[in-house]
Structures are given as C-alpha cells and as structure tokens.
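Here are my comments on the model you sent. They cover the ligand sites and one chain contact, point by point.

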Amino acid sequence: MKIVVDLNRCQGYAQCAFLAPQVFEMHGEEALRYTPLAPEDQSERVRRAAAACPVQAILVEEEAGPGVR
Amino acid sequence: MSADLKNGRIVVVGASLAGLRAAEKLRDEGFTGSLTMVGEESQLPYDRPPLSKQVLLGRVRAEDTGLPRRREVGAQWKLGIRATGVDPIGKHLVLADGEQLPYDRLLIATGTRARPWPNPGEGALDGVFTLRTSDDAARLAERFDAGPRRVLVIGAGFTGSEIASACRERGLEVTVAERGPAPLVGALGGALGALAARLQLAHGVDLRCGVTVTALNGRNGRLTGAELSDGSRIEADVAVVALGAMRNTEWLAASGLAAGPRGLACDAGCRAFDMYGIVTDDVFVAGDVARFPHPLFEYQMLSLEHWGNAVEQAEVAAHNMVNPGPLRRPHLAVPAFWSSQFGLNIKSVGVPTFSDQVVIAQGSLEERRLVAVYGYRGRITAAVSVNRAKWLEHYQRLIETAAPFPPEPAAVDQPASSTPVPSDVPDPKLLSHGPTVALTGHQPDRRLTLMRWSG
Amino acid sequence: MAADTLYRRITDHANRADPYPLYAELREHGVARQEDGTYLVGTYHEIAELLHDPRISSDQRNRTNPDEFALGREGMPVSFIGLDDPEHDRLRRIAMRPFGPPHTPGRVDALTGEIAKVAEQLIDSFRDRDRIDLVDDFAYPLPVTVICRVLGVPREDEPRFHAWSQTIIDSFDPTPGTDPTERRRAGLDARSAMGEYLGDLADHRRGRQSDDLLTAFVNDPGPEGGFTREELMTTSVLLLIAGHETTVNLITNGMLTLLRHPEALDLLRREPALMPRAVEELLRYEPPVQLLPQRSPLTDVEVAGVTVPKGSPLILVLASGNRDPQRFHDPDRFDPTRQDNQHFGFGSGVHSCFGAPLARVEAQIALTELVRRLDAPRVVEDPPPYRRSPILRGPRHLLVEYGGTRP
Ligand SMILES: Cc1cc2nc3c(=O)[nH]c(=O)nc-3n(C[C@H](O)[C@H](O)[C@H](O)COP(=O)(O)OP(=O)(O)OC[C@H]3O[C@@H](n4cnc5c(N)ncnc54)[C@H](O)[C@@H]3O)c2cc1C
Ligand code: HEM
Ligand code: SF4
C-alpha cells in the first residue's frame, strides 16, 4: 500500500510510530520518517495508524490494481 | 454555463504532485469531461521530499515513493513526453512528437528542475549529481551505497543540508560549501542559520561558508575534487550540486503567457496572466511553477517551492476550473513547509524572508528546541519551529491576523531574554543556492521581473 | 438558566448520565464566566486554539488563587501533567524513553498479543453466566492488568492501589459548593502513599533486567539523566492512575454506546476492520475525559471576544468541543465510520495523552472481542449508575445480559 504523510499537518504526535513501528519511525523527538510503500503484511497496522493520527495527516491508498489510473 | 464547465476537455501539463491533486479535485467537483495528464517523466506521480531523506539513507528505494491517490481520476496519461508549446488562440498544447492536444481549459503544473552546474564540461564528470527526480535519487543513493571517500555538497539550502545530514547518518565524510554566511540563511535568516551551522559542525560536517566552488576537477572523466574560492582544494569522489531550482517555463516562451525565470504569473484564483498582465480564463497554474499575489505579503507575487503549496494551489485551481466566477475561490493559504535534518524537525509558516526582525519566542537555540517569530515593520509575518511543532498553529493564527511584532512576552517555555534582533536575511544573490521562497515584486508582466542570476 | 451556573450544573451528579444538553447550552454562550470567576470554554475552535496557545499554562502556580492542594506537597510535588515546558517536556521525554518512540518504538505494538490474551481469558470466564457487570468483570480488570504489566507493578497489589487511586480521584472532584478540604488532604496522603509504594518497587529493581517502566527508569536513565526519586514517584503515580482510571471508561462507554446502536454493533461484528475508526468516534462521542480543569492564562487572553484575565481558572470542556456542530457534521449522531474526526478525546498540543496508543489498542481489542463473542447482548439498566467524577466520566456499573458466548 502507498502512503503519504502531510508533514505540514503532522505535529509529531507519534501515534503512527507506536502503532505501525515498521512503517513509521520517529527520527529524534519530532521528525517523522516513513516507508511510502508499505508491505501488505503491515496493512492492518497502517490502517490503525492512519485512523489514530490526531491531525489526520496520513493518506493511504490500498493496493491499486494496474487498471486504477 | 456551469454545466458546461463540468464537461469538455481539460489537459494538465506536469504529472507530479500538483497535477495529480488537481486531477483528483476536478473529479471531486464533478468534472465528467475528458482529462489528459501530460508528463515529461515516465513514472506515475511520485513524492519528492523522501528523495533527499529516506531514499538517500538507503531505507526506501527511489522507485517506491509513488503518491497514493485520494480517488480514481479517470484520466488519459501521456507520460514520458514533453510539452513544447501552447497555442492559446487555437487552444491546443503541442507535444514533443508534434501531436496537438486540443483543450477547453489547461492547467500548467510543470514545477521546477535542479539548477545544473554552470560549467557543462565539469558538470558531465562522473560523480557529479543534482537531485530533483527519482532517477537522480536512485543514482545518488547507489553511489552512497558504494561508500565514497568524501561527498561534496555545493549549496547549503534545505536540499543540500538534508543531503549532508543523510551522508553523516550513513557515516560518509561530507564537505558542504556555501557562499552565504551559514546554511539555511537564505530561507531562515541569521539566527537560525547560525544554529544550522553549529548543528552541521556537531555532526561532523566539514562546513565551509563564505566560499564558492570555482572548479570541479576530474581525471579520465571522473570527479576527483574541487577548488574553492579561498584557494583551498578538497578531494571528493561525489559532488552534489544543490544550487536551487529553475522554473520549467522555457517551453512557454512563445505562448504569450507571463512566464519567466521566476515562474508563470497568475492571479489569486490561479488564472494565468498573459505577457501584458491581462488575466486569461482558460489557462490555470499551480505548484512550484506558479507566481501568485498574496495579501499577507503586501500582494507581492510569491514563488514557493513547497509541497503544501503545490497541494493547496492545485485544489484551488481545479475548483476554479470547473466553477463559474462567483463561486471561485482565492488561494490564500499561509505558506508552510518542513524539513528534517540532523534529527531535528524544522517547520515554517509564513514567509521568514519577508522580515526585518526575529525573536526567539519559546525554547532556546542551545536546547535546539524553539519557536522563532519573524516580524516585518511591526507585524508578525512568519514563525519557524525546531522540534516544537505543536505550538506552530498559534503563530500561524498570529500571521493570519497580522498580529503585532514582537509577540506578547508571556508564554510557557519562554527564554530568559527575548529581545528581537535583525533577521539578517541576505540578498539571494549572496547565496549559493536559490531561495525556496521568493518575493518577486508586484508585476505579473514578465518583462518587468527579469531575474539576473550571478551564479 | 443562567450561564454562570453552568459549571455547577455540569458537575452535579444528577446530570452525569447526559451532560450533552448542558454542553449545547455552554456553546450557545461562547465563553461562560462562572460565579466564582472560572471561565468555561466549550466550542471546538476556541478549545483547539487554547490547547496550542503558549500563553495558556497547565501549572496551578500561575493562578491568582492557586488551589493549594493541587500544588502537591513537600516530597511529592506536581507531576508533569501539571507543569509547563521546559520542565514538562523534560520529564515527559524521560518517561517516554522506555515506553515509545523514538527510543522504544515497538513497545505498545509488542503488547497487543498479551492484551488480547487478557481479554480472551476475561471473556472465557463469562461462559457459564448470562449476566455480567461489564465494569467490574471486564472493563476495569483489563487496563489494570495491562498498566501493571507495563509499569512493573504486581497485579495482586491492586486492592491497595485501587483504594489510593479512588481517594486521589475523589479529591479533585471539582463539584463547587462541597467542602473539599478533608477530601483533598486524604487525596494528598493517598498520593504520597502510592508514590512511596512505587518508589520502593523501583528501588528493588535496581540492577535487574526487565522490560517494565519502573525497571527502566532506575537502570537506563538515558543521555539527559533520568528521574530523581521524587520525579520517579510523581510520574509513576500519574501513569498508574491515568493508565487505569480512563481506559475503563472508554471500554464501558464504548460498549454502552454500541448496545444503544445495534446497527453499529452489527456492522462491527461483520467488519472488525472498522474498529479503529469506531474507537476514534467513541473518543469523540463519549470521551472518558470530559474536561480539562487545569489551565489558566499567563496574561489576559481574548477568547471569542471575551477577555479571560491572567491567572483565572480556565476550563476546557473537551466533550463539548467534540459535539460542536461548527466543526462536526451531525455531531450528536454516533457514526462509527466517520472520516473527518479530529476529536479531543486525548486532548491536543504538548500535553496530549501520553498513553493514547496503549489506550487505543486496549479499547480496539476489548470491543472487538466483546462484539464478536457475546451473543445477543443487552443493557439491563439504561442509563446505568455513573461514577462521581465529572472529569473522568463513565458508568460505575454496567449490567449486561447475553444469550451465550462464542469461542
Ligand atoms: C529532493 C527534494 C526534497 C524536497 N523536500 C521538501 C520538503 O521537505 N518540504 C517541502 O515543503 N517541499 C519539499 N520539496 C519540494 C516539493 O517536492 C515540491 O514543492 C513539489 O514537488 C512541487 O510539485 P509540483 O507538482 O508543483 O512540481 P514538480 O514536482 O516539480 O513536478 C513538475 C512535473 O512537471 C514535469 N514537466 C516539466 N516540464 C514539462 C513539460 N514541458 N512537459 C511535460 N511535463 C513537464 C516535470 O518532469 C515534473 O514531473 C522537495 C523537493 C525535492 C526535489
Ligand atoms: C481512554 C483512555 C485515556 C484517555 C481518554 C486519556 C485522556 C487524556 C487527556 C485528555 C489528556 C490531556 C490532559 C491535559 O491536556 O491536561 C491526557 C494526558 C495524559 N495521559 Fe491519558 N488518557 C487515557 C489513557 C491513558 C493511559 C493508558 C495512560 C498511561 C499509560 C495515560 C497517561 C497520560 C499522561 C501521563 C498524561 C499527561 C500528558 C502530559 O501532560 O504531557 N493516559 N490523557
Ligand atoms: S500520528 Fe500523525 S501527527 Fe503523529 S507523527 Fe504520525 S503523522 Fe505525525
């Protein structure tokens, strides 16, 4: 699944980094780093992380088939 | 009339962040006509900010930064082909292969490209890179994987500083050469520039400020090092030219639109101006390529190289493309961007270069946790936080309401002394790299806004 | 009725089951000054601004008339929830070190299996019954077991710290007009006792290896230096109380809400993947922390046209902001699939809840399992009896009957 975080909105609450630590990672206290293409086995965690983000900064696109353009 | 606007042919030139978000918004707003996306790069839209961060660290592959979609866009994609001109009278776009694409409304979102090394022969040496596209990042990351002995970063703006940060995190030796007095001064002024310099030194960057790179040396076509204006030489097997960006407007030279080195001028509703400063009603602009007036900054035309601006302006442009006059919206968002480097999260709202003074309102430079507030003639025009993002929306509100500068001296985590100092924003000509925000005067007509680059 | 009695009415236990009409009244008035000079704010945008406004302090010492009992006492000062930056930030970072990112990113994720196990065992024990008290039989023991595990507190000591915890929470019951002195003193005593208890536990962990927080606090202070013993005591008390007196209400309020909305319960039974969003909606719709009574301005601050004088008590009614029609579409509707949902369930800004990820995971697991395993559940008494506190609001008991349990 593809992910993008609006890092202008992100305030470093780290909810995503708690809930999907293999995909979202805090670099220092506040800078968020993430894997823009997350493996499918992380999708449930990523969905939890996106739901939990207090500023709704995480956009996730579920596996898009080649037809979806 | 309005029903017409929801139909017809829309062509978007530039299939990156602004182009994609505009396409999604067009469909959200009920556009049912034909939508064509033209992009010079062969990839589907991808995200650039990770290129200088996760990708250079080797944690994410360059080809894996594809942008997620907010919805299906139902577009015809013409990728890997360049638009070479617009005929505004015949209303068609001309592509490099000669194809003419008719449009009813056109969105120009061709962004910027990396400013190349001025000496083409030196720039062609193996080991010399720029960083703008995913291909650039893939090549550079591969070179970093191979463990170069020393990387030279030319220009210490945001991109250059992030590259240096990635190098140090990977344990690579890095020299940063910057013509200005410190890293990031062009965007953030003197006080935070000094912090950025201390940060780089603390992380083991060989930082050289107040110098220019006068020559890149090579042997057998490979980079071996560089000469600096202070007479010193350094050995390096990789050099990254981070001298800022150039607007992709040359292809519009014969279009009659107000396009120049500072971008394509448009009104607050993202409608492009023609070369006489008359607004068009079928050509729209969004993203890094746009130059637009902003009421908070005395209606000066702004050119921004910010991710958030590309998204917001694309949404406004798309809305206005499919709605009649009275329902149109202005693009008034306060400029905002972030950068992460050396473990710090730097966020900015407003335009820090539109300032004469700055004050540390919370935290301190020593702790590397702070909010700096910028003022221009007694009102607040910008704020920058370093690892203090949770307060920033307060300052954004102060900017939006043109609150007096300096801000009230009552805040939690207030420094012992908070006296405003000059913001020390240098003339862009003194920097190695171009500014990522440029105030470009009041005139949409390109002939009045020619920019002279001195290298 | 007059707006200046709103706080009295909100805190009146008679209104606990449904305070929402009072919140609507509060929003009508914008900022409501109370008889005693306290200011109440209940509109979303104003609360959001104030939670990010550096002129607003969480430290009682900045009040013109500080509540002396809220200042802690010698040897047991205020914990970081009642301090401002930079002290708040320093202590919160030290506490975070063994609990979450950046230093220990996988901690909460690694607990999910254990939490699921606790939930499973609790529900297993319902098998031969047809009625439970959801609070005593499930919603309370689950988070207590978890926070004990996280902190490193023996589960069997629960009766001791539960009594302290109750006394502490009752002590900051803000019901105006009741005489707080005796309750406050008892609260301080209980806090000191709990602090000593946790401090002693930590002392015994010195040099030991274990993944609990108390052990980490004494053995791995980190580059900035760890807690003093005093700081360790106050922080651990904060974590133990916050960790089990809030989540119980999220689970109970959550199940009650689902039982009142059978279509939502059915939906979640069919599609458990919707639970994360549903929990966010519960945090908006029935937030366990209804209001923040701690704040006060460091200077005169204008809020929605009203000047709140420096040093006045400023109360942010989160639960009211969560129902503000200016912010949320159809706010009084419970919509477990709501997308645009930036609620205040965990506060916002620098003091936003430290334990939120843990609470989220606990509630998601708890409700998923209850929904999945209880056949035809129904509430016996609606509304149920509520706890005393207007701040940490939730049922004291919630009797639920059901047809049976599934494996
Ligand atoms: C390495 C890097 C790091 C960054 N980090 C940050 C950051 O941390 N924070 C931040 O706020 N911003 C950051 N940015 C800036 C951000 O990525 C840009 O603001 C954003 O990409 C602008 O989007 P755009 O769509 O306007 O333009 P672009 O992304 O530049 O896209 C323009 C597209 O148009 C195409 N094109 C150009 N000319 C033609 C033509 N004639 N015909 C057809 N197609 C054409 C180009 O090939 C390109 O694909 C970063 C940029 C880079 C390069
Ligand atoms: C559903 C459960 C929970 C809810 C609704 C909740 C809610 C809140 C709220 C609203 C605040 C903000 C206080 C303020 O701004 O003054 C807060 C702070 C806090 N919470 Fe929670 N909480 C919950 C669970 C937990 C758990 C499980 C823990 C511990 C592991 C915890 C620890 C804390 C701490 C330490 C603070 C203070 C943070 C600070 O001041 O920086 N909470 N919580
Ligand atoms: S949860 Fe949201 S705000 Fe927090 S770090 Fe992740 S993206 Fe940023």
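1. The surroundings of ligand 1 come first; bear in mind that this is a predicted model. On the polar side, an oxygen atom of ligand 1 has a polar side-chain atom of B:Lys53 at 2.7 Å. Two backbone partners can be added. A polar backbone atom of B:Glu40 sits 3.0 Å from a nitrogen atom of the ligand. B:Thr112 places a backbone N or O atom 3.3 Å from a ligand oxygen atom.

2. How much of ligand 1 does the protein cover? On its own, ligand 1 has 990 Å² of accessible area, and the protein covers 95% of that. Three elements of chain B give two or more residues each to the shell: helix H2 (17-28), helix H8 (307-321) and strand E24 (336-341).

3. The shell around ligand 1 holds 31 residues. Those that come nearest are B:Ser16, B:Glu41, B:Arg48, B:Lys53 and B:Arg132. B:Lys53 thus appears here as well as among the polar partners of ligand 1. By class, the shell counts twelve nonpolar, ten polar and nine charged residues.

4. Ligand 2 sits with chain C. Of the 26 residues around ligand 2, the nearest are C:His88, C:Arg92, C:Arg295, C:His351 and C:Cys353. Which side chains of these put an N or O atom by a ligand oxygen? C:His88 does, at 2.5 Å from an oxygen atom of ligand 2. For C:His351 the distance is 2.6 Å. For C:Arg92 it is 2.7 Å.

5. Four elements of chain C each supply at least two residues to the shell around ligand 2. They are helix H4 (87-96), helix H11 (229-245), helix H12 (247-260) and strand E5 (292-297). Which element gives the most? H11(C) does, with four residues. By class, the shell around ligand 2 has 16 nonpolar, eight polar and two charged residues.

6. Ligand 3 belongs with chain A. Its surroundings comprise 13 residues, and the closest are A:Cys10, A:Tyr13, A:Ala14, A:Cys16 and A:Cys53. The class split is ten nonpolar, three polar and no charged residues.

7. Next, the contact of chain B with chain C. Chain B brings 15 residues and chain C brings 20. Together the two chains bury about 1500 Å², with 56% of that on carbon and sulfur atoms. On the chain B side, B:Lys390, B:Trp391 and B:Val412 supply 33% of the area buried against chain C, more than any other three residues.

8. What crosses this interface in the way of charge pairs? The rule finds six salt bridges between chain B and chain C. One of them joins B:Arg388 to C:Asp85, with the closest N and O atoms 3.6 Å apart. Across the interface there are also seven residue pairs in polar contact, both residues at pLDDT 80 or more. Helix H9 (residues 392-400) of chain B gives four residues to the side that touches chain C, the largest share. By class, this side of chain B has five nonpolar, two polar and eight charged residues.

Technical notes:
Residues are numbered from 1 along each chain as its sequence is written. Chains are lettered from A and ligands numbered from 1 in the order in which they are written. This is a predicted model: local features need pLDDT of at least 70, side-chain atom pairs count only at pLDDT 80 or more; totals for chains, interfaces and linings use all residues. Side-chain values use heavy atoms; hydrogens and water are left out. A residue is near a molecule or strand if one of its heavy atoms lies within 4 Å of it. A polar contact is a pair of N or O atoms within 3.5 Å; within protein, one must be able to donate a hydrogen and the other to accept it, and residues adjacent in sequence count only if both atoms are side-chain atoms. Accessible areas come from the Shrake-Rupley method with a 1.4 Å probe; for residues, only the protein chains shown count as cover. Ala, Val, Leu, Ile, Met, Phe, Trp, Tyr, Cys and Pro count as nonpolar, Asp, Glu, Lys and Arg as charged, and the others, Gly among them, as polar. Contact means heavy atoms within 4.5 Å. Buried area is the accessible area (1.4 Å probe) that two parts lose on being put together, summed over both. A salt bridge is a side-chain nitrogen of Lys or Arg within 4 Å of a carboxyl oxygen of Asp or Glu.
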